[in-house]
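Me: Got a minute to go through this model with me? I'd like to get a feel for how the chains fit together.

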There are 4 protein chains.
Amino acid sequence: MTSNQPPLWRRAAAELLGTCLLVTIVVGSGIAAQQLSPGDVGLQLLQNSTATVLGLTVLILMLGPVSGAHFNPVVSFADWILGRRIGSGLTLPELATYVAAQTAGAISGSVLANAMFEVGTSISTKERATPGHLLAEVVATAGLVLLIFALAATKRGVLAAPAVGAYIGAAYWFTSSTSFANPAVTVGRIFSDTFAGIAPPSAPGFVVAQLIGGAIGLGLLLVLFPAAARAADDVVLPHSSAAAG
Amino acid sequence: MTSNQPPLWRRAAAELLGTCLLVTIVVGSGIAAQQLSPGDVGLQLLQNSTATVLGLTVLILMLGPVSGAHFNPVVSFADWILGRRIGSGLTLPELATYVAAQTAGAISGSVLANAMFEVGTSISTKERATPGHLLAEVVATAGLVLLIFALAATKRGVLAAPAVGAYIGAAYWFTSSTSFANPAVTVGRIFSDTFAGIAPPSAPGFVVAQLIGGAIGLGLLLVLFPAAARAADDVVLPHSSAAAG
Amino acid sequence: MTSNQPPLWRRAAAELLGTCLLVTIVVGSGIAAQQLSPGDVGLQLLQNSTATVLGLTVLILMLGPVSGAHFNPVVSFADWILGRRIGSGLTLPELATYVAAQTAGAISGSVLANAMFEVGTSISTKERATPGHLLAEVVATAGLVLLIFALAATKRGVLAAPAVGAYIGAAYWFTSSTSFANPAVTVGRIFSDTFAGIAPPSAPGFVVAQLIGGAIGLGLLLVLFPAAARAADDVVLPHSSAAAG
Amino acid sequence: MTSNQPPLWRRAAAELLGTCLLVTIVVGSGIAAQQLSPGDVGLQLLQNSTATVLGLTVLILMLGPVSGAHFNPVVSFADWILGRRIGSGLTLPELATYVAAQTAGAISGSVLANAMFEVGTSISTKERATPGHLLAEVVATAGLVLLIFALAATKRGVLAAPAVGAYIGAAYWFTSSTSFANPAVTVGRIFSDTFAGIAPPSAPGFVVAQLIGGAIGLGLLLVLFPAAARAADDVVLPHSSAAAG
């Protein structure tokens, strides 16, 4: 851990808050869309994806200097793997802390969205695991990991906020699964029986597909950007711009 | 007050004009949406939120160098509080001037929108205060304050224009209240009995919720960005880039 | 005329091409919207405004280094007025050339859009001049002029492309007239009897309102940005970045 | 070939992957739109174009440092022509490799989209070649080539990612053909009998129109930006920022 990083507890707080708000954005805008445009599911998804593009970009921008703004266990896991090659990146205890904070945050995000819309928190009944959707999660997560670490490898981590937001916005549409691409968010979305929810039986398949996608994304990264491993400590936003007091 | 700031009267004029145009954008695009897409409230909100993302970003960009582009009493209030810790930021008389200019501007913005659409100016009858909506205003305003001052604390005030625009665009959707998050705008929106209006009985609750949200946002800021207080004079756009002659 | 500017004929060609493509974008996307979403005028306008935000931004980015990317007689006129105070900006013959090129380009843009959509070129029958719409044109053009020259006055002309695109995108919605804000474009839009057309009897009122708006915009500029006159040669994109060979 | 470029095999892999994902985005979001918004073709196109703006921008950003992110034979061809004047740019064998990689990638992109949505891969039956559509392809491709090389000529290749994304997003709407503007993508879109498909009999006309458009774009470039030929090795993203290890 480099000396100019915020302490782990503060980084964990940022991961928890960021993942919480990310799920609040996804679930909340889904509820709003469902209530306001009941006649057209495509229009609902356009509202849902537009809110997510904007909101996710802002969250990464806002919290990147504190924790790197991973908000996603696959990203933290990839950061750990890449970092092991050169002795930087997250350590294993840090990785565990990040993943725990992300998962707790994601669940609380569903609860917060439900509360704002006065919808009871209950377990989703929306089955999503089909072969096409699982393939889609592999593709979506591979692209996400490749994108984030390609930007880091080319010293353009400062572009991660709008780039990741835009990527997810596109992936809502070009994948059949609407691109969860995030195990913590997948778990969080179990806790709202609304537009963006996912039934528990579908979640494990999604998470496995995301992990496979993450591995493929790392493979593509090492083929296309062989310098990537040397830049692994620069994800998502350079920690050197952190404002820890 | 640092010597390279524009005089207070000019900053107040910028706050008045900016808040006026902000409300014109919110109310005007709401009227257009209601007239042009009568069959789908969600589509109306998408038009309303899209116009606001674009317009708010431009207003902050345009007037930031003059007044900081607060356009929001909660932001000015937070600037004053943070500034007291280190002797910078708005003084109390400046704060009062800003809030008065913002409120007058917001009301005139509704009147201007009504005039362009040839809709009479009358008091809104749209009740909005529900427990869920009040919680939503707390969340929306906390996020807004955290965002603005996190960018300032990390010397990225130059990103405030697109970031705040994008944030509000997301918050239209992920909150149940469509995210007023601004006491002056709340007052201004009383004066149009159209899509974006708010009935007077609902306004006080919204304002109180926004003030609570602002306090929570400041609290989160000090936890996550302990350096924030030292950067409070850098909101929203660095005054040092001001072009006052 | 500074020595590193492209010759006038090339700048005029850029103004002609840029204004042509701007009108092609506005008129063409209007026709597409009308044909593809016949059931909802608001959805048509959303398609029309979205295409214009993206396209206008790109045109200013692309042609700014050649001619300044005015594409608008009001902008050229304001540039000439501001420039007279300090001996820079367009000269009167250059102004006349710009306006002629813009107008010719705008008309050809309607013809090109009509041809692509295999719609005959004919004079629009869409009456638009109402008191509300004329007020809207004043407001829209004042804001546009204030925005462009405020960015120039604060040495941020490089942001003009996305800022002007975003501004017009918002103004489509917050004004009742859908924000023509451009005399050349107004003339060009006469030549397509489709979604974006304007009947000849409505055009003179629109142009007069735009000129009044331009004057108000300049007045606001001088109040809020007294340094503006000294920076008038920096519109829309700095000529110093021109790539004339 | 300058010494700091990645080896050709890696650049070809980037062109293949990028063009594959571009077609996956176009075709996949078209299928999603068609399934989710069956009642309004314009809304489908808005979903399709929005996904493409975001996705194409991200792909250029991500892979530009490896291969220049052409993803389009017309762009590679123009790069070769401009480069011949000054001995830089692609060589003829590199050009052939790029075009082959782009075409193979485009076809695989359709197959991948079909698989995610569990739609069988079959040849499109959607006839598109009309005089208006062919004119539209000329216009769309001319503008695309002019844009890309104008940015390169003015040392702003770093803006190509959002600019090209925005341009295509506008061209979806202001052209009658929805702007293919890319021979490889045209071929790839043959292999999905869905929203974004094109029937084989229509493809040759589209490709010829695109080549004519590319030539016109180059002509406009040399008129407006005479310095262009000297900057041809700077497309789309500066190779000098490449991170090849």
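Here we go through the chain arrangement, then a helix and a loop residue.

Reply: Sure, just keep in mind that this is a predicted model.

Me: Okay. What turn lays chain B on chain A?

Reply: A turn of 90°, with a shift of 0.0 Å along the axis, and the RMSD is 0.0 Å. The two copies are thus related as by a four-fold rotation axis.

Me: And which residue of chain B comes closest to that rotation axis?

Reply: That's B:Leu43, with its C-alpha at 5.4 Å from the axis.

Me: What about laying chain A on chain D, what turn and shift does that take?

Reply: Chain A goes onto chain D by a turn of 90° and a shift of 0.0 Å along the axis, with an RMSD of 0.0 Å. In chain A, A:Leu43 has the C-alpha nearest the axis, 5.4 Å from it.

Me: Now the contacts. How many residues of chain B are in contact with chain A?

Reply: 33 residues of chain B, and they meet 34 residues of chain A. On the chain B side, the elements giving two or more residues are helix H2 (41–67), helix H5 (131–153), helix H6 (160–174) and helix H8 (203–224).

Me: Which of those gives the most?

Reply: H5(B), with ten residues. As for the chemistry, the side of chain B that touches chain A has 25 nonpolar residues, seven polar and one charged.

Me: Do the copies meet through different surfaces or matching ones, and why?

Reply: Different ones, because only 3% of the interface residues of chain B are also interface residues in chain A.

Me: Now chain A against chain D: how many residues does the contact take from each?

Reply: 33 from chain A and 34 from chain D. H2, H5, H6 and H8 of chain A each supply at least two residues of the side that touches chain D. H5(A) gives the most to that side, ten residues. By class, that side of chain A has 25 nonpolar, seven polar and one charged. The copies meet through different surfaces here too, since only 3% of the interface residues of chain A are also interface residues in chain D.

Me: How far apart are the nearest C-alpha atoms of chain A and chain C?

Reply: 11 Å, and those two chains do not touch. No contact joins chain B and chain D either, and their closest C-alpha atoms lie 11 Å apart.

Me: Switching topic: how many residues are in helix H3 of chain B, and how far does the helix reach?

Reply: Helix H3 (residues 73–84) has twelve residues and reaches 16 Å from its first C-alpha to its last, close to the 16 Å expected.

Me: Which residues of H3(B) are buried?

Reply: B:Pro73, B:Val74, B:Val75, B:Ser76, B:Phe77, B:Ala78, B:Asp79 and B:Leu82.

Me: What do the buried residues of H3(B) pack against?

Reply: They pack against helix H4 (92–116), H5, helix H7 (183–188) and H8 of chain B.

Me: Last one: where is C:Val158 found?

Reply: In the loop between helix H5 (131–153) and helix H6 (160–174) of chain C.

Me: Why does C:Val158 count as partly exposed?

Reply: Because C:Val158 has 18 other C-beta atoms within 10 Å, whereas a buried residue has 20 or more and an exposed one 12 or fewer.

Me: And how far is C:Val158 from C:Arg11?

Reply: The two are 147 residues apart in sequence and 18 Å apart in space, C-alpha to C-alpha.

Key: Residues are numbered from 1 along each chain as its sequence is written. Chains are lettered from A and ligands numbered from 1 in the order in which they are written. This is a predicted model: local features need pLDDT of at least 70, side-chain atom pairs count only at pLDDT 80 or more; totals for chains, interfaces and linings use all residues. Copies are superposed by least squares on the C-alpha atoms of residues with pLDDT of at least 70 in both. Two residues are in contact if their C-beta atoms, placed from the backbone, lie within 7 Å. Helices (H or I, at least four residues) and strands (E, at least two) are DSSP runs, numbered from the N terminus. Ala, Val, Leu, Ile, Met, Phe, Trp, Tyr, Cys and Pro count as nonpolar, Asp, Glu, Lys and Arg as charged, and the others, Gly among them, as polar. The expected span of a helix is 1.5 Å times one less than its number of residues.
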